[in-house]
Amino acid sequence: MILDAFNAVLVQNGLITAFVFVGALVWVSYQLSARLTRGHIHGSAIAIALGLVLAWVGGSMTGGSQGLADFSLLAGVGVMGGAMFRDFAIVATAFGADVGALKKAGFVAAVSVIIGVVLSFVVGAVVAVSFGYTDPVVVSTIGAGAATYIVGPVTGTALGASSDVIALSVAAGLTKSVLVMIGTPLIAPRIGLNTPHAALIYGGLMGTTSGVAGGLAATDPKLVPYGAMTATFYTGVGCLLAPSVLFLIVRAVL
Amino acid sequence: MVIYGVALLSFCMLAGVFVGDVLGELIGVQANVGGVGFAMLLLIVLSNLSSKRFKLKPMTESGIGFWSAMYIPIVVAMAARQNVIAALSSGWMAIIAGVAAVAASFAMIPVLDRIGKGGRSDS
């Protein structure tokens, strides 16, 4: 009886339950990050990876298409991770970006953001085509996912891609994010990533905010603000270009 | 007040998504075109504008800052509701796409770094 009442409270307050659940998931991830990887893999990357693993568990147990959100107890995760809150939080991250500081940083930093988005998009799209995809919506969504795990779902949702394609784009973006975190300290000496100028370009080219924050923190904490600043613009530029100009180009080419 | 910040942020999102919808209609893709991007630009413009004319109060800023800080948890929730089962049937493609994008981007850093330093002294 007590258990039923408890269950009912969690189901009736689904979104609140999701806050507790995600909070716990993030906490566990940051503990794993600190203890198992000594901070080398950013906690947010582990949390997202765990989220995808749990979505896989949820999908295989319920047979549904919404991952963990198919459990009635965790339906709130579907609301919290849905398009409305996701886009809301993305728009909010733009608040930290200072146009004046970016202007001062130089023309190259701005160009690096655009080149970064287009480069990752093209590489992702080429990989998608080489795996036999020909639908412009699918190719664009995967290309956008190679930019970041945010640009992918935003593009996919805007273009009407299916959930499994969106999941592919998230997986591509997550691979990128984790690789940027792990790879940056290793490759930094070879690519001259040791000045604020290079860090600005690095942030613009990589774009994945958690990847850049984690990667620079592991390389040289002093460089973090420079890379993070240009990276802040990346997702916005990606969300602007990928479902519009870049999609139209893909549609024209295929 | 916190609600002013949340309201400003909400207004920017609605306006941006509206512009994205109209633009999608105009170019005939029947989809939202860059709505989130427009919303971000609008928020940057409005928040920079207000810092010169009427400064946003810290409480107002915290209404936006809260949602900015919720970005990662929301992305975690987003990951947890994806159709991963379906994605894994062609899992290698996602991994190869991600790895290739990182490799190409890393390779581009020294190139842009050199161009930026050669032409101008903006250090």
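**Figure 1. Where the two domains of chain A meet in this predicted model.** Ten residues of domain 1 of chain A are in contact with twelve residues of domain 2 of chain A. On the domain 1 side, helix 3 (residues 43–62) of chain A supplies the largest share, five residues. Sorted by class, that side holds six nonpolar and four polar residues, with no charged ones. To place yourself in the sequence, domain 1 covers 2–85 and domain 2 covers 96–253. The C-alpha centres of these two domains of chain A lie 25 Å apart.

**Figure 2. A closer look at helix 3 of chain A.** This helix has 20 residues and reaches 28 Å from its first C-alpha to its last, close to the 28 Å expected at 1.5 Å a residue. Is helix 3 of chain A largely enclosed or largely open? Of its 20 residues, 14 are buried, so helix 3 of chain A is largely enclosed by the rest of the structure. Just after the helix you will find Gly63(A), which takes a positive phi of about 75°.

**Figure 3. Helix 8 of chain A and its buried residues.** Helix 8 (residues 136–147) of chain A has the highest confidence in its chain, at a mean pLDDT of 95. With twelve residues, helix 8 of chain A reaches 17 Å from first C-alpha to last, close to the 16 Å expected at 1.5 Å a residue. Eleven of those twelve residues are buried, so the helix is largely enclosed by the rest of the structure. Among the buried residues are Val137(A), Val138(A) and Val139(A), along with Ser140(A) and Thr141(A). Gly143(A) and Gly145(A) are buried too.

**Figure 4. The contact between chain A and chain B.** Here 89 residues from chain A come together with 65 residues from chain B. Which helix gives the most to the side of chain A that touches chain B? That is helix 10 (residues 163–187) of chain A, with 15 residues. By class, this side of chain A has 58 nonpolar, 27 polar and four charged residues. The model scores ipTM 0.81 and pTM 0.71.

**Figure 5. Gly192(A), a loop residue that touches chain B.** Look for Gly192(A) in the loop between helix 10 and helix 11 (196–206) of chain A. Gly192(A) has 16 C-beta neighbours inside 10 Å, so it counts as partly exposed. Leaving aside residues up to four places away in sequence, Gly192(A) touches Ala198(A) in its own chain, and Pro110(B) and Asp113(B) across in chain B.

**Figure 6. Helix 4 of chain B, seen through Val76(B) and Ala79(B).** Ten of the ten residues of helix 4 of chain B are buried, so the helix is largely enclosed by the rest of the structure. Val76(B) is one of these buried residues. In the largest nonpolar core, which has 126 residues, Val76(B) joins Val77(A) and Val91(A) as the residues that touch the most other members. What does Val76(B) touch, residues up to four places away in sequence aside? Its partners are Val22(A), Leu25(A), Val26(A), Ala47(A), Ile48(A) and Gly51(A).

Ala79(B) also sits in helix 4 (residues 71–80) of chain B. Ala79(B) has 30 C-beta neighbours inside 10 Å and therefore counts as buried. With the same sequence neighbours set aside, Ala79(B) touches Ile48(A), Gly51(A), Leu52(A), Ala55(A) and Val170(A). Ala79(B) and Gly24(B) are 55 residues apart in sequence, and their C-alpha atoms are 27 Å apart in space.

**Figure 7. Chain B as a whole, and how confident its prediction is.** Chain B has six helices and zero strands. Of its 123 residues, 45% count as buried. Among contacts in chain B between residues at least 6 apart in sequence, 52% join residues at least 24 apart. The mean pLDDT of chain B is 80, with 79% of its residues at 70 or more. Confidence in chain B is highest in helix 1 (residues 2–26), at a mean of 90, and lowest in helix 5 (residues 84–88), at 66. Over residues 119–123 of chain B the pLDDT is below 50, and this stretch has three contacts in the model beyond near neighbours in sequence. Where pLDDT is low, the predicted coordinates should not be read in detail.

Methods. Residues are numbered from 1 along each chain as its sequence is written. Chains are lettered from A and ligands numbered from 1 in the order in which they are written. This is a predicted model: local features need pLDDT of at least 70, side-chain atom pairs count only at pLDDT 80 or more; totals for chains, interfaces and linings use all residues. Two residues are in contact if their C-beta atoms, placed from the backbone, lie within 7 Å. Helices (H or I, at least four residues) and strands (E, at least two) are DSSP runs, numbered from the N terminus. Ala, Val, Leu, Ile, Met, Phe, Trp, Tyr, Cys and Pro count as nonpolar, Asp, Glu, Lys and Arg as charged, and the others, Gly among them, as polar. Domain bounds come from an automatic or database domain assignment. pLDDT is the predictor's confidence in each residue, from 0 to 100. The expected span of a helix is 1.5 Å times one less than its number of residues. A nonpolar core is a set of buried Ala, Val, Leu, Ile, Met, Phe, Trp, Tyr and Cys residues joined through C-beta atoms within 7 Å.
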